[in-house]
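Subject: Structure for your attention

Dear colleague,

Please find below the sequence and the structure that I am passing on to you. My notes follow them, arranged by topic.

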Amino acid sequence: MTLPHLMLVPGLMCDAASWAPMLPALQGHAHYTVVDHGQADDLIGMAQQILDAAPDVFHLAGHSMGGRVALEVMRLAPERVQALALLGTGYRPKEAGAAGEKEIQTRQALLDLAQHNGVRAMAQAWVQNMVAPARLSDAALLEAVVQMFERQSADIFRHQIRALLARPDASSVLQQVRVPTLLMAGEWDSWASPQQHQAMAELIPAQPAVQVVPGSGHMMMMEKPEAVASSFIRWLGGV
């Protein structure tokens, strides 16, 4: 049996470490490549990089910002994607008015912290809202997240924030999805709630069930790798 090739798309300031804890369980179920966004500063450019590097057809999974990139891949070349997984992500553009201005200010404050005090200082503040409350005493988990962010530069952070603030509305993309789709949300995710994923599911013609990961925040692959891997194996067609 030929194994599917899985393209894994990390989120904002994340790298292969965000997926690493769940990957051993996927051995024998898929070949995989973890994407590196490099210096790209727009979602479409990130999506095109994936298409340039990927096999002719592939499975696609994106987390957080990576989910938005995955949706842009679906916009550009839906015929190449055999199955889609969206984790801890969203689909709406930046809101207009005060809500949009608040998002800009919040992201700019984090960027200012990274530029003036270093990425590690920014990451130590940011991680407090990235994991489930019960995991805030898990020093090893927090340090793994902080070190992952610290491997990226403040310039990369600036580029990726620019990409996110210019994100397009992906509602029409979701309405055209015709491949097996997995939607996953952390129970405690304050960035991309289960309710937000339910709204996405209702736009997809097949209306897939949203799988909520108990006891997890935004970094579900690092917080609850066994639960995420189990859902992936079912999605990939495993027993």
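Is M13 buried or exposed? M13 counts as buried because its relative accessibility is 0%, and the cut-off for that class is under 20%. Please keep in mind that this is a predicted model.

Two residues with positive phi

M13 is placed in the loop that runs between β1 (5-9) and β2 (31-34). Its phi is near 65 degrees, a positive value in a residue other than glycine. Most residues other than glycine have a negative phi. S64 also belongs under this heading, with a phi near 60 degrees. This serine is found in the loop between β3 (58-63) and α2. S64 is buried, since its relative accessible area is 16%.

The nonpolar cores

M13 appears again in the largest nonpolar core, which has 60 residues. The residues with the most contacts inside this core are M13, L60, W126, F149 and F157. Another core lies apart from it and has 22 residues, among them A85, L87, L182 and M221. As background, nonpolar side chains in soluble globular proteins tend to be buried together.

F149 shows how parts of the chain meet in the largest core. Leaving aside neighbours within four places in sequence, F149 is in contact with L12, M13, C14, V119, A123, W126 and M130.

L110 sits in helix α3. It counts as buried because its relative accessibility is 16%. With neighbours within four places in sequence left aside, L110 is in contact with M122, W126 and F157. The C-alpha atoms of L110 and M222 are separated by 22 Å, and these two residues are 112 residues apart along the chain.

The largest pocket

How much space lies in the largest pocket? The volume is about 730 Å³. The pocket is lined by 32 residues, and those closest to its centre are R68, E103, R107, R167 and W191. Three helices, α2 (65-76), α3 (97-117) and α6 (154-165), each supply at least two residues of the lining. The largest share, six residues, comes from α3, the helix that also holds L110. Sorted by class, the lining has 14 nonpolar, 10 polar and eight charged residues.

Two buried polar residues, H197 and S231

H197 is found in helix α8 (residues 194-203). At 0% relative accessibility, this histidine is classed as buried. A polar atom of the H197 side chain lies 3.2 Å from the backbone oxygen of M184. Beyond neighbours within four places in sequence, H197 is in contact with L86, L87, G88, T89, L183, M184, A185, A192 and V210. One of these, L87, also belongs to the core of 22 residues.

S231 is found in helix α10 (residues 225-236). S231 counts as buried because its relative accessibility is 5%. Its side chain makes a polar contact with the side chain of R234, at 3.2 Å. Not counting residues up to four places away in sequence, S231 touches L182, M184 and Q211. M184 therefore links the two descriptions: H197 is in contact with M184, and S231 touches M184.

Two partly exposed residues, I44 and P133

Which residues does I44 contact, leaving aside its neighbours within four places in sequence? They are E72 and L76. I44 itself is in helix α1 (residues 43-53). At 44% relative accessibility, I44 counts as partly exposed. From I44 to Q175 the distance is 19 Å, C-alpha to C-alpha, and the two are 131 residues apart in sequence.

P133 lies in the loop between α4 (119-126) and α5 (139-150). With a relative accessible area of 48%, P133 is partly exposed. The C-alpha atoms of P133 and Q211 are separated by 20 Å, with their positions 78 residues apart along the chain.

When you open the structure, M13 would be a good place to begin, as it is buried, has a positive phi and is among the residues with the most contacts inside the largest nonpolar core.

With kind regards,
A colleague

Key
Residues are numbered from 1 along each chain as its sequence is written. This is a predicted model: local features need pLDDT of at least 70, side-chain atom pairs count only at pLDDT 80 or more; totals for chains, interfaces and linings use all residues. Side-chain values use heavy atoms; hydrogens and water are left out. Helices (H or I, at least four residues) and strands (E, at least two) are DSSP runs, numbered from the N terminus. Buried means under 20% relative accessible area, exposed over 50%, partly exposed in between (1.4 Å probe, protein chains only). A polar contact is a pair of N or O atoms within 3.5 Å; within protein, one must be able to donate a hydrogen and the other to accept it, and residues adjacent in sequence count only if both atoms are side-chain atoms. Contact means heavy atoms within 4.5 Å. On a 1 Å grid over the protein atoms alone, a cavity is a set of points where a 1.4 Å probe fits but cannot get out, and a pocket is an open set with protein on both sides within 12 Å along at least five of seven lines; lining residues have an atom within 4 Å of a point. Grid points are joined across faces, edges and corners, and a volume is the space filled by probe spheres set on the points. Ala, Val, Leu, Ile, Met, Phe, Trp, Tyr, Cys and Pro count as nonpolar, Asp, Glu, Lys and Arg as charged, and the others, Gly among them, as polar. A nonpolar core is a set of buried Ala, Val, Leu, Ile, Met, Phe, Trp, Tyr and Cys residues joined through side-chain atoms within 4.5 Å.
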